[in-house]
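Subject: Structure for you to look at

Hi,

Here is the structure I promised to pass on. Have it open while you read, and my notes should be easier to follow.

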Amino acid sequence: MKQILLITDGCSNVGLSPVVAAAHAKSEGINVNVVGVLDQGDVGELGASEIEEIARAGGGLSRMVNMRQLSQTVQMMTRKTVVQTIQLAVQKELKQVLGNGSIEALPPEKRGEVVRVIDELGETSGLKVALLIDASASMKPKLAAVEEAIRDLMLSLQARQGKSEISVFHFPGSRHGDDCVMDLAWTSHLNGVQSIFPKLQMAGTTPTGPAIMQVVDYYRQGQNDMSDYSRRARNETDGMMGDYVV
Amino acid sequence: MTTSFKLELRRGSVVVGKWRMGRYRIERLLGEGANGKVYLVQRDRDWLAMKIGADTVDLQSEINVLKSLDKQRSLETFLYDVDDLYGPDGREYPFYIMRYVRGTTLASYLKQQGPEWFPLVALNLLGKLAKLHKAGWVFGDLKVENVMVADYGHVELVDYGGVTAKGKSVRQFTEIYDRGYWNGGSRSADPGYDLFSFAVLCIQLHEPKRLHALTKELLPQNRSTSELMEIADNCPGLKPVSGWLKRALMGEFADAAEGAEAWRALMHRRVTRNSPGMPGWLKGLAATSGLLLAASMGWLLLDLFL
């Protein structure tokens, strides 16, 4: 299971629309969740509707929260999305077997076993969450809470039985041409990580869309490594077969 | 995260199950949890509790837990009915019917009946947890709001949404009761997780303001079990059990049965020793024991009732 969790406090203002980028992510099998963090006021109507739409396009959830609720929200969203991802997959199977797609349509006494399977898979399946943090100037006072939420999420994921990894990115990048910067590559623990965002340069633009695309690329690279590996393996087998076939 | 759940059922309205046609008259709202609402309902002459969920899969996994508990308990049935209902908004909502637990919340019980009930109620609560642990479960979301107390300190746990099989990740928890939040260990379901929450619950009952203040003033990386211990050490009401609390916070008890045993032994020793620094509620216990002639006899009798 693959997720991107975007934490932001406002509107994107540069480059590709984040809604389009989120739809790209979804087509790659990555769910996009969005948390909008509020100051005293709110993120503004424009920001709020963008946040909601990014999540909808990315097949994920969106929430507006204040800093105090951030850890809990991030943790619950990730968990909920895991269940929903598995539920969708199981419902697809149900569709083929029963000719109807929803668990709600089953009589209550038949739901138990299906949900038991969903729970089991949700607990044991591998999970990758890429956290994408808006580090534009207005986010600066919130980064400590964001870091705390990331550590808290790692703690929850470590309790799962399945393999769980996170990676962390922030945007915009400090150099020109970088839409986002990786702070932490895939890892399943934060032992020894003193600070996730050391001396961050806060820049003014908010290229949310391009940043999402870059994270999707990062996911794809991981896959490419895998497929390179399997291609190589296949070639080797082919070679061996060739010797035998002639 | 419950903002999407807006269902409201009016007092006196009758709900009919979609599949099994059970008829329930709504009496009043008993409580709202993380993933649903609980109403007091009447069926024929019986008072029952109806939990309505916002999400079918969520509620069903709670039902699965209750079902396996029912199997293990053999005597007291928990789950009476499982069905869907049509809300006033035309949407379908899943629900289940369970036993109605008469009683008040832990905090208000102690306020009404007096703090001398605390050691016994706490012991009964440990007994409840011990049963769960023995059956392979961890309660998970243990907090003041999820403990109901009836007459004479009889304890019932409510809201099984956090109940998790041992070894899995805790399904639902509340930050200040959470072992991970205090940097005191993992969020994996093991009996020690519940005992940690139990210790926080004891502190919450005696020093709610100081505990709340601590969550506000400490930086996340500075939250620790020793901060919790400091509150307990400086609270006269908790002094007699501060050693026990420390062991619970450090994860030294194998399960709630062992914790209950130590708790009981602690009460026993304090009462018989009759130490001058004994707080009010222990004196009350000593007096009770005195009425039963020998203090140790009293505890033996009490053991029989537990």
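Below are my notes, starting with how to read them and then going through chain A and chain B.

This is a predicted model, in which local features need pLDDT of at least 70 and side-chain atom pairs count only at pLDDT 80 or more, while totals for chains, interfaces and linings use all residues. Residues are numbered from 1 along each chain as its sequence is written, chains are lettered from A and ligands numbered from 1 in the order in which they are written, and side-chain values use heavy atoms, with hydrogens and water left out.

**Chain A**

Chain A has six helices and six strands; helices here are DSSP runs of H or I with at least four residues, strands are runs of E with at least two, and both are numbered from the N terminus. Going along the sequence, you meet them in the pattern β-α-β-α-β-α-α-β-α-β-β-α. Of the 246 residues in chain A, 46% are buried (buried means under 20% relative accessible area, exposed over 50%, and partly exposed in between, with a 1.4 Å probe and protein chains only). Take the contacts in chain A (heavy atoms within 4.5 Å) with a separation of 6 or more: 77% of them come from residues 24 or more positions apart.

A good place to zoom in is strand 4 of chain A, residues 127-134, where seven of the eight residues are buried. Strand 4 of chain A pairs in the parallel sense with strand 1 of chain A (residues 2-8) over six bridges; two strands pair if DSSP finds at least two bridges between them. In that pairing, A:L6 has A:L132 as its bridge partner. Strand 4 of chain A also runs parallel to strand 5 of chain A (residues 164-171), and eight bridges join them. There, A:V129 sits opposite A:I166.

Strand 4, helix 5 (residues 143-158) and strand 5 of chain A together make a right-handed β-α-β unit. Right-handed means that, with the strands pointing away from you, the path from the first strand over the helix to the second runs clockwise.

**Chain B**

Chain B has an open sheet of six strands in the order 1-2-3-4-6-5, with antiparallel pairing. Its edge strands are strand 1 (14-16) and strand 5 (79-86) of chain B, each pairing on one side only. Strand 1 of chain B is joined to strand 2 of chain B (residues 23-33) by three bridges, and B:V14 stands opposite B:R25.

Another open sheet in chain B has three strands in the order 7-9-10, again with antiparallel pairing. Strand 7 (104-105) and strand 10 (154-157) of chain B each have a single partner strand, so one side of each is left without a neighbour in the sheet. Four bridges join strand 9 of chain B (residues 147-150) to strand 10 of chain B, with B:V149 opposite B:V155.

Finally, a helix pair. Helix 5 (residues 208-217) and helix 6 (residues 225-233) of chain B pack at about 155°, with their axes 11 Å apart (axes are lines fitted to C-alpha atoms, for helices over the stretch in contact, and angles run from 0 to 180 degrees between N-to-C directions). The two helices of chain B are therefore roughly antiparallel, the word for angles over 145 degrees (under 35 is roughly parallel, 65 to 115 roughly perpendicular and the rest oblique). B:R210, B:L211 and B:L214 of helix 5 of chain B make the contact with B:E227, B:L228 and B:I231 of helix 6 of chain B.

Cheers
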